[in-house]
Amino acid sequence: MSALAGWSTGPSDVRLLLLGLIAAYELWDGEAFRALAVRTVESSRDQGALDMLRVSLHAVATAETWYGRFTEAEGYFSAFRELVTAIDGSGRLAEGSDVSLQAWWGNVETTRAAMTAMDAERSEQASGGVRLHTTRTSLAVLENGSSHYTNALAVARQGYAEDPVYYANPALVEMVEAGVRSGDLDAARAARLRLTPRASAAGTP
C-alpha cells in the first residue's frame, strides 16, 4: 500500500490508485486509505481527471472524519461539493455527501434528513450503492452516539441483511454495539461472527 501511495502515476494509472483505495478500505487500513486518497487527489489534479478528483476528495474527507479531524474533513467535503456542482450543474449528488461527518458531530436533523432523502431516492430508482450505505451507517453512528440503541440496531440490521460488498463492514461494528447496549445479544453475536473473520484477516489494528 505504501509503495502504491508513492507511485509516480501517468494518465492511465489514476484508476489503479482507486483500486488501492478499495483494497485499503477492505483491509481496515486507515493510514493507507488516507495516503492513497491524498495521492489520488494530487494525481487527479495534475491530469485534470475531474471524476477521479471527485472520488478522492470524498475519500480524504472520509479518512479525516475517521481520525477525528473534523475541521480538515469539512474542508475536503466542501471542495467535493464545489467540484460536483461544477461537473453536473445541479449539485444534487453533493447533497448529504458529508453525512458521516454530520453524524459524528451529532447533528441529528441533518443526518436524519440525509437518510430520508436516500430512502426516497432508492424507492424511485430501486437501487442502493455507496451513498445509501454510507448514509445508513452514519445514521447508526448517530443513534449509538445518542444512546438510541434500539434505533441504531434497526438501521444496522438493514446493512447486515443486505451485506453489500465493500460497504457492509462498518455497519457490523455499529450493530455489535447497538445489540449489546440494547440487550439484543443474539443480534450482537450475529454481527460479531460475521465481523471477526473479516477484521482478523486484515492484519491491521
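Which residues are linked with Glu-64 in a network of salt bridges? In this predicted model, the network joins Glu-64 to Arg-34 and Arg-69. Between Glu-64 and Arg-69, the closest N and O atoms of the salt bridge are 2.5 Å apart. The two partners of this bridge fall into separate accessibility classes: Glu-64 is buried, at a relative accessible area of 2%, whereas Arg-69 is partly exposed, at 33%.

The structure contains 11 salt bridges, and two further examples illustrate their placement. Asp-51 pairs with Arg-54, with the closest N and O atoms at 2.8 Å. Both residues belong to helix H4, where they are 3 residues apart, or about one turn of the helix. Asp-51 is partly exposed, with a relative accessible area of 42%, and Arg-54 is likewise partly exposed, with a value of 26%. A salt bridge is also formed by Arg-136 and Glu-162, for which the closest N and O atoms are 3.5 Å apart. This pair links distant parts of the chain, with Arg-136 located in helix H8 (residues 130–145) and Glu-162 in helix H9 (residues 149–162), at a separation of 26 residues. Arg-136 is buried, its relative accessible area being 4%, while Glu-162 is partly exposed at 34%.

The largest nonpolar core comprises 18 residues, of which Leu-21, Phe-33 and Leu-57 touch the most other members. Two or more residues of this core are contributed by each of H2, helix H3 (30–47), helix H4 (50–66) and helix H5 (70–88). In soluble globular proteins, nonpolar side chains tend to be buried together. Apart from neighbours within four places in sequence, the contacts of Leu-21 are with Phe-33, Leu-36, Ala-37, Thr-40, Ala-59 and Tyr-166.

Nonpolar residues are also found at the surface. Leu-16, Leu-19 and Ile-22 form a patch there, with a combined accessible area of about 240 Å². Ile-22 is situated in helix H2 (residues 14–26). With a relative accessibility of 33%, Ile-22 is classed as partly exposed.

A further polar site involves Asp-186, a residue of helix H11 (residues 185–200). Asp-186 is exposed, since its relative accessible area of 59% lies above the 50% cut-off for that class. Its side chain makes a polar contact with the side chain of Arg-189, at 3.3 Å. Asp-186 and Val-176 are separated by 10 residues in sequence and by 9.6 Å in space, from C-alpha to C-alpha.

Definitions and conventions:
Residues numbered from 1 in each chain as written. Predicted model: local features only at pLDDT ≥ 70, side-chain atom pairs only at ≥ 80, totals over all residues. Heavy atoms only, no water. Patch = residues over 30% accessible without salt bridge, like charges linked within 9 Å, V, L, I, M, F, W, Y side chains within 5 Å. Areas by Shrake-Rupley, 256 points an atom, 1.4 Å probe, with all protein chains shown as cover. Salt bridge = Lys/Arg side-chain N within 4 Å of Asp/Glu carboxyl O. Helix = DSSP H or I, 4+ residues; strand = E, 2+ residues; numbered from the N terminus. Buried < 20%, exposed > 50% of the residue type's maximum accessible area, 1.4 Å probe, protein only. Polar contact = N/O pair within 3.5 Å; in protein donor to acceptor, adjacent residues only side chain to side chain. Core = buried A, V, L, I, M, F, W, Y, C linked by side-chain atoms within 4.5 Å. Contact = heavy atoms within 4.5 Å.
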